[in-house]
Amino acid sequence: MAHRTPIVGGNWKMNTDLASAVELADNVVASCSPFVQHTDIALFPPFPYLQAVGKTLGHHGILLGAQDVYYEASGAFTGEVSAAMLVDLNVAVVLTGHSERRHIIGESDELVNLKTRAALDAGLWVILCVGETIEQREAGQVDDVNVRQLTIGLDGVPVEQMRQVIIAYEPVWAIGTGRTATPEDAEAVHRVLRATLADLYDESVAESVRIQYGGSVKANNARELFSQPNIDGFLVGGASLKADEFAAIVQATAATNVSQ
Ligand code: PGA
């Protein structure tokens, strides 16, 4: 089986203020730097704090991430932020298709695809998020929804850019609810996503792309989730706002990885 470097992201969403963002980043550097040899780690602060958090991360090996991006290069798009602007601030990785943007802001699969392609063209890594709602799960549409979001999200992305792509499976009903998918349920979807990557590209792409799980990941469930063969790390919301809890989640991926 291909070796995949684990990747853990801390999505701070619309939380923190300038002082607490810098303090949190500082604490994450202190607690997570020892793990950067084994696990890719990224923090996703709100846009206004990117520069300050980036400065705090410095050269400790923790990646600066952005929660969103717009697909146009420049122009009259009030309030939007281009991929080049993110690159300018040393952002390395960006989220696209997060369920809060799909379901609260109303982003379509097609818009997610445009954002994904623009970010990849700018040289950024992209974490493309997919996931079904509870209604879709109860209607037996789990695979359909995730395969559709993945397929449209990656439409037109050439095989060479797949090295920059990470997928996050985040069942909407598990985000911020304290309700986590069981390791087996998550693994089942991860397997479907990997098989879809093989259909869209080839086996070697499918084996090398990292697939994160997200949705109420905590220090006490990370290790069991990570023991599944197709779960390659986590996208963490609430628990990423506490440096020690986030570090424990990172450690769960690094420890398992080291002992392999
Ligand atoms: P949560 O959020 O960990 O608070 O459930 C996960 C996410 O939205 O990425």
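This passage describes one helix pair and two buried residues in a predicted model.

In the predicted model, helix α5, which spans residues 109-121, packs with helix α7, formed by residues 142-153, at an angle of about 45°, the two axes lying 8 Å apart. With this angle, α5 counts as oblique to α7, because the value falls in neither the roughly parallel range under 35 degrees nor the roughly perpendicular range of 65 to 115. The crossing in which α5 passes α7 is right-handed. On the α5 side the contact involves D109, E110, N113 and T116, which meet R148, Q149, I152 and G153 of α7. By character, the residues of this contact comprise one nonpolar, four polar and three charged.

Attention then turns to two individual positions. V28 is located in helix α1, which covers residues 18-32, and V28 counts as buried because its relative accessibility is 0%, under the 20% limit. Leaving aside residues up to four places away in sequence, V28 touches S33, L43, I62, A243 and F246. Between V28 and A188, by comparison, the C-alpha to C-alpha distance is 31 Å, with a separation of 160 residues in sequence.

S240 is placed in the loop between β8 (233-236) and α11 (243-259). A relative accessibility of 0% means that S240, too, counts as buried. The side chain of S240 reaches the backbone oxygen of V236 at a distance of 3.3 Å. When residues up to four places away in sequence are not counted, S240 touches G10, N11, W12, L24 and F246; F246 is thus also among the residues touched by V28.

Methods: Residues are numbered from 1 along each chain as its sequence is written. This is a predicted model: local features need pLDDT of at least 70, side-chain atom pairs count only at pLDDT 80 or more; totals for chains, interfaces and linings use all residues. Side-chain values use heavy atoms; hydrogens and water are left out. Axes are lines fitted to C-alpha atoms, for helices over the stretch in contact, and angles run from 0 to 180 degrees between N-to-C directions. Helices (H or I, at least four residues) and strands (E, at least two) are DSSP runs, numbered from the N terminus. Angles under 35 degrees count as roughly parallel, over 145 as roughly antiparallel, 65 to 115 as roughly perpendicular and the rest as oblique. A crossing is left-handed if the near helix is turned anticlockwise from the far one by less than a right angle, and right-handed if clockwise. Contact means heavy atoms within 4.5 Å. Ala, Val, Leu, Ile, Met, Phe, Trp, Tyr, Cys and Pro count as nonpolar, Asp, Glu, Lys and Arg as charged, and the others, Gly among them, as polar. Buried means under 20% relative accessible area, exposed over 50%, partly exposed in between (1.4 Å probe, protein chains only). A polar contact is a pair of N or O atoms within 3.5 Å; within protein, one must be able to donate a hydrogen and the other to accept it, and residues adjacent in sequence count only if both atoms are side-chain atoms.
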